[in-house]
Amino acid sequence: MRVPVIVDHAPSPPTAPSWTSVPATATTIAAVRTALPPYRYAQDELTEPIGDLCLPPGADRAVLRRLHASAGVRTRHLALPIERYAGLGDFGRSNDAWLAVGLELGDEALTGALEDAGLQPADVDLLVCVSITGVAAPSLDARLAGRVGLRPDVKRLPVFGLGCVAGAAGLARVHDYLRGHPDDTAVLLTVELCSLTLQQRDDSRANLVAGALFGDGAAALVARGGGRAGPDAAGPSVVATRSRLYPDTERLLGWDIRASGFRVVIDAGVPGIVRDHFGRHLRAFLAEHGLTTDDIGTWVCHPGGPRVLAAVTDSLGLPDDALDSAWRSLATVGNMSSVSVLHILQSIRESRRPEPGTWGLLMAMGPGFCSELVLLRW
């Protein structure tokens, strides 16, 4: 598969002095809550059932079994019991299941995050809702508003198409909004039921990789503007963000829309693009804030898969354990697309909250091909 050649003519950004404190316009992350479906499976419990769904009768399953064994996934949660997937049949039934389960998980994540933040649904001024695994009009956020008790004048922004990068990009856009509305409270809700996009009788490598790697879940993040965050806010705070599109890479990652639904596109060139270009762009972003990779104490990286995580580690010259939180998330719940970075951020906040004043970087990549960086400070 041909890997696009990227020529970057952008000048190097000037180096700025180091930040000595979090700016007054910073966004504070008040809470993060993940919601997972109750149907949890060990990876080896899913290999043969997924083979029954995707492969023609009598097909050799050696490649399928190798992919499941090497995906870095030990357990995953599915939207439905595995035996129900064969009966979905078409895109309409799969999308109906996405809507029903997505509303349940979205409700759980959203109300749980608000409770953790000590807030009520009526306190929410903006709800950004992202998903790439189903479609609905009215959108998920509109259907959830009355169900959970959001105000009738709540601002809503449903987002489709960002995929795995949407957890980071959604947080970045929430930060953009709160810089202009510092007295507001915003919620980012991510709902991804990746298993419902699995294509039956499709033995393409991309479909088999997706069947080995992806899991289902939802997550909500509550963010407050600088005018709302008190001096004792636990954080972390969002200091700055950076978006990046890589030219001529549109076919590396995404969907082909078919009568059967969303047919996944996953090109083998993704790790190469990451290894060749991601580190340079990330270092330039940090340099604008007087920082280097050595200054980052906490890495929150989307677990795109073993090869992608290895490419990120190599491109940044990180210690082997720097992305341990991403590897643990991949092992316990699989790649949950936009939900994953929020799941990782929640685990970091709950298990080993960094010391005040330390830096973090939240990062993800997705269709476009693109990346999103969010500079954090505790």
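Trainee: Which residue in β7 stands opposite Thr 34?
Mentor: This is a predicted model, where local features need a pLDDT (the predictor's confidence in each residue, from 0 to 100) of at least 70, side-chain atom pairs count only at pLDDT 80 or more, and totals for chains, interfaces and linings use all residues. Residues are numbered from 1 along each chain as its sequence is written, and side-chain values use heavy atoms, without hydrogens and water. In β7, the residue opposite Thr 34 is Ala 219.

Trainee: Over how many bridges do β1 and β7 pair?
Mentor: Strands are DSSP runs of E with at least two residues, numbered from the N terminus, and two of them pair if DSSP finds at least two bridges between them. β1 spans residues 27–35 and pairs with β7 in the antiparallel sense; the number of bridges is seven.

Trainee: Which strands stand at the edges of the sheet?
Mentor: The sheet is open, with nine strands in the order β5-β4-β6-β7-β1-β8-β13-β12-β11 and mixed pairing. Each edge strand has a single partner, so one of its sides has no neighbour in the sheet; these strands are β5 and β11.

Trainee: Is Gly 235 buried or exposed?
Mentor: Gly 235 sits in the loop between β7 (216–224) and β8 (237–245). Its relative accessible area is 4%. Buried means under 20%, exposed over 50% and partly exposed in between, using a 1.4 Å probe and protein chains only, so Gly 235 is buried.

Trainee: Where does pLDDT stay under 50?
Mentor: The protein averages a pLDDT of 91, and 91% of the residues score at least 70. The stretch under 50 is residues 1–21.

How values were computed. Helix = DSSP H or I, 4+ residues; strand = E, 2+ residues; numbered from the N terminus. Contact = heavy atoms within 4.5 Å.
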